[in-house]
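Here are a few exercises to work through with the model open next to you. Try each task before you read its solution.

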Amino acid sequence: MSRSHRLLLWAAATDRTFELRTFGGRRMLVGKCIHCRRKLAIDLRGSVVPVATVEHIVPKTHGGTDALDNLAVACRRCNSTKGVRVDPRRADDPVLQEVIATLRARRAERMREPPPELHLPELDVRPPR
Ligand SMILES: [Zn+2]
(Lines give C-alpha, C1' and ligand atoms only; values in the text may rest on other atoms or scores of the structure.)
Protein backbone atom coordinates (compact mmCIF):
# COMPACT_ATOMS: atom_id res chain seq x y z
CA MET A 1 0.00 0.00 0.00
CA SER A 2 1.45 3.38 -0.99
CA ARG A 3 2.37 5.97 1.63
CA SER A 4 -0.15 8.41 0.17
CA HIS A 5 -2.90 5.82 0.56
CA ARG A 6 -1.86 5.13 4.16
CA LEU A 7 -2.00 8.87 4.84
CA LEU A 8 -5.43 8.99 3.22
CA LEU A 9 -6.71 6.13 5.42
CA TRP A 10 -5.40 7.80 8.58
CA ALA A 11 -6.85 11.16 7.59
CA ALA A 12 -10.26 9.54 7.01
CA ALA A 13 -10.09 7.33 10.13
CA THR A 14 -9.49 10.38 12.32
CA ASP A 15 -12.28 12.40 10.62
CA ARG A 16 -15.67 12.05 12.31
CA THR A 17 -17.58 12.47 9.03
CA PHE A 18 -16.16 9.10 7.85
CA GLU A 19 -18.08 5.91 8.63
CA LEU A 20 -17.27 2.29 7.91
CA ARG A 21 -19.57 0.83 5.25
CA THR A 22 -19.58 -2.26 3.07
CA PHE A 23 -20.39 -2.05 -0.63
CA GLY A 24 -20.43 -5.28 -2.64
CA GLY A 25 -18.24 -6.99 -0.05
CA ARG A 26 -15.67 -4.18 -0.05
CA ARG A 27 -15.12 -2.30 3.19
CA MET A 28 -14.97 1.43 2.69
CA LEU A 29 -14.67 4.59 4.72
CA VAL A 30 -17.35 6.98 3.51
CA GLY A 31 -17.34 10.64 4.49
CA LYS A 32 -17.09 14.19 3.23
CA CYS A 33 -14.57 16.35 1.36
CA ILE A 34 -13.02 18.91 3.77
CA HIS A 35 -13.79 21.67 1.25
CA CYS A 36 -17.08 21.01 -0.55
CA ARG A 37 -18.52 18.20 1.64
CA ARG A 38 -19.03 16.04 -1.41
CA LYS A 39 -19.38 12.35 -0.47
CA LEU A 40 -16.13 10.38 -0.78
CA ALA A 41 -15.40 6.66 -0.43
CA ILE A 42 -12.00 5.16 0.36
CA ASP A 43 -11.29 1.45 -0.05
CA LEU A 44 -9.66 0.04 3.10
CA ARG A 45 -7.54 -2.47 1.22
CA GLY A 46 -5.67 0.18 -0.65
CA SER A 47 -7.15 0.01 -4.12
CA VAL A 48 -7.63 3.57 -5.20
CA VAL A 49 -11.00 5.19 -5.53
CA PRO A 50 -9.70 8.06 -7.66
CA VAL A 51 -11.81 10.88 -6.35
CA ALA A 52 -10.48 10.91 -2.75
CA THR A 53 -7.08 12.53 -2.16
CA VAL A 54 -4.91 13.60 0.78
CA GLU A 55 -5.02 17.34 1.36
CA HIS A 56 -2.10 19.00 3.14
CA ILE A 57 -3.73 21.94 4.94
CA VAL A 58 -0.43 23.80 5.20
CA PRO A 59 1.07 22.93 1.81
CA LYS A 60 4.31 20.97 1.77
CA THR A 61 5.84 23.85 -0.21
CA HIS A 62 5.20 26.05 2.87
CA GLY A 63 6.67 23.53 5.29
CA GLY A 64 3.49 21.53 5.93
CA THR A 65 4.10 18.05 7.33
CA ASP A 66 2.36 14.66 7.30
CA ALA A 67 1.15 15.18 10.90
CA LEU A 68 -2.48 14.09 11.18
CA ASP A 69 -3.76 17.55 12.07
CA ASN A 70 -2.25 18.80 8.81
CA LEU A 71 -3.95 16.09 6.75
CA ALA A 72 -7.51 16.06 5.48
CA VAL A 73 -9.50 14.18 2.87
CA ALA A 74 -10.44 16.19 -0.19
CA CYS A 75 -11.95 15.35 -3.54
CA ARG A 76 -9.49 15.58 -6.39
CA ARG A 77 -11.22 18.63 -7.84
CA CYS A 78 -10.99 20.71 -4.64
CA ASN A 79 -7.45 19.54 -3.94
CA SER A 80 -6.20 20.54 -7.36
CA THR A 81 -8.07 23.88 -7.25
CA LYS A 82 -6.34 24.71 -3.94
CA GLY A 83 -3.05 23.49 -5.40
CA VAL A 84 -3.36 25.91 -8.32
CA ARG A 85 -5.07 28.96 -6.79
CA VAL A 86 -3.91 28.99 -3.17
CA ASP A 87 -0.78 26.95 -2.48
CA PRO A 88 1.59 28.93 -4.79
CA ARG A 89 0.84 32.21 -2.93
CA ARG A 90 3.45 33.76 -0.66
CA ALA A 91 3.45 32.63 2.97
CA ASP A 92 2.12 36.04 4.11
CA ASP A 93 -0.64 36.17 1.49
CA PRO A 94 -4.02 36.82 3.21
CA VAL A 95 -5.91 34.38 0.96
CA LEU A 96 -3.45 31.59 1.75
CA GLN A 97 -3.63 32.37 5.46
CA GLU A 98 -7.43 32.47 5.48
CA VAL A 99 -7.77 29.14 3.65
CA ILE A 100 -5.32 27.51 6.06
CA ALA A 101 -7.14 28.94 9.10
CA THR A 102 -10.53 27.78 7.81
CA LEU A 103 -9.31 24.27 7.02
CA ARG A 104 -7.48 23.97 10.36
CA ALA A 105 -10.65 24.88 12.26
CA ARG A 106 -12.76 22.48 10.20
CA ARG A 107 -10.22 19.67 10.66
CA ALA A 108 -10.08 20.29 14.41
CA GLU A 109 -13.89 20.00 14.59
CA ARG A 110 -13.77 16.70 12.74
CA MET A 111 -10.81 15.16 14.62
CA ARG A 112 -11.46 11.91 16.51
CA GLU A 113 -9.65 8.77 17.61
CA PRO A 114 -9.65 6.11 14.88
CA PRO A 115 -12.50 3.57 15.35
CA PRO A 116 -11.05 0.58 17.27
CA GLU A 117 -12.42 -1.95 14.77
CA LEU A 118 -10.31 -0.39 12.03
CA HIS A 119 -6.95 -2.04 11.58
CA LEU A 120 -4.93 0.78 10.14
CA PRO A 121 -1.58 0.31 8.42
CA GLU A 122 1.53 1.46 10.24
CA LEU A 123 2.22 5.15 9.87
CA ASP A 124 5.38 6.78 11.16
CA VAL A 125 3.41 9.80 12.34
CA ARG A 126 1.87 9.89 15.80
CA PRO A 127 -1.81 10.77 16.09
CA PRO A 128 -2.29 14.10 17.90
CA ARG A 129 -3.28 13.88 21.58
ZN1 LIG B 1 -14.43 18.78 -2.72
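Before we start: helices and strands here are DSSP runs, at least four residues of H or I for a helix and at least two of E for a strand, numbered from the N terminus. One more thing to keep in mind is that this is a predicted model.

**Exercise 1. Get the overall layout**

Task: work out which elements the protein chain has and in what order they run.

Solution. Start by counting: there are three helices and five strands. Next, walk along the chain from the N terminus, and you read α-β-β-β-β-β-α-α. Now check the overall size. The radius of gyration is 14 Å, close to the 14 Å that the globule rule gives for 129 residues, so the chain is as compact as a globular protein of that length. Along the principal axes, the C-alpha atoms fill a box of roughly 45 × 30 × 25 Å. As for contacts, take those between residues at least 6 apart in sequence: 57% of them join residues at least 24 apart.

**Exercise 2. Look at the confidence**

Task: find which element has the lowest mean pLDDT and which has the highest.

Solution. Begin with the whole chain, which averages a pLDDT of 92, with 95% of the residues scoring at least 70. Then go element by element: strand 1 (residues 19-23) comes lowest with a mean of 92, and helix 3 (residues 94-110) comes highest with 98.

**Exercise 3. Rebuild the sheet**

Task: put the three strands of the open sheet in order and say how they pair.

Solution. The order is 1-2-3, and the pairing is antiparallel. That leaves strand 1 and strand 3 (39-43) as the edge strands, each pairing on one side only. Neighbouring strands are turned by 40° against each other on average, ignoring direction.

Now take the pairs in turn. Strand 1 and strand 2 are joined by five bridges; among the partners are Leu20 with Leu29 and Glu19 with Val30. These two strands make a hairpin with two residues between them, and Gly24 in its turn has a positive phi of about 55°. On the other side, strand 2 (residues 26-32) and strand 3 also pair over five bridges, including the one between Met28 and Asp43.

**Exercise 4. Buried or in the open?**

Task: compare strand 1 with helix 1 (residues 3-13); which residues of helix 1 are buried?

Solution. The cut-off you need is 20 or more other C-beta atoms within 10 Å for a buried residue. Over the whole chain, 30% of the 129 residues pass it. In strand 1, the number buried is zero out of five residues, so this strand lies largely in the open. In helix 1, the buried residues are Leu7, Leu8, Leu9, Trp10, Ala11, Ala12 and Ala13. What do they pack against? Their partners are strand 2, strand 3, strand 4 (52-56) and strand 5 (71-75).

**Exercise 5. An odd phi**

Task: say where Arg37 sits and what sign its phi has.

Solution. First, place the residue: Arg37 is in the loop between strand 2 and strand 3. The hairpin of these strands has six residues between them. Next, the angle: phi of Arg37 is positive, about 65°, although the residue is not a glycine. Most residues other than glycine have a negative phi, hence the exercise title. Last, the surroundings: 13 other C-beta atoms lie within 10 Å, so Arg37 counts as partly exposed.

Conventions
Residues numbered from 1 in each chain as written. Predicted model: local features only at pLDDT ≥ 70, side-chain atom pairs only at ≥ 80, totals over all residues. Rg over C-alpha atoms; globule rule 2.2 N^0.38 Å. Buried ≥ 20, exposed ≤ 12 C-beta atoms within 10 Å, placed from the backbone. Contact = placed C-beta atoms within 7 Å. pLDDT = per-residue confidence, 0-100. Pairing = 2+ DSSP bridges. Axes fitted to C-alpha atoms, helices over the stretch in contact; angles between N-to-C directions.
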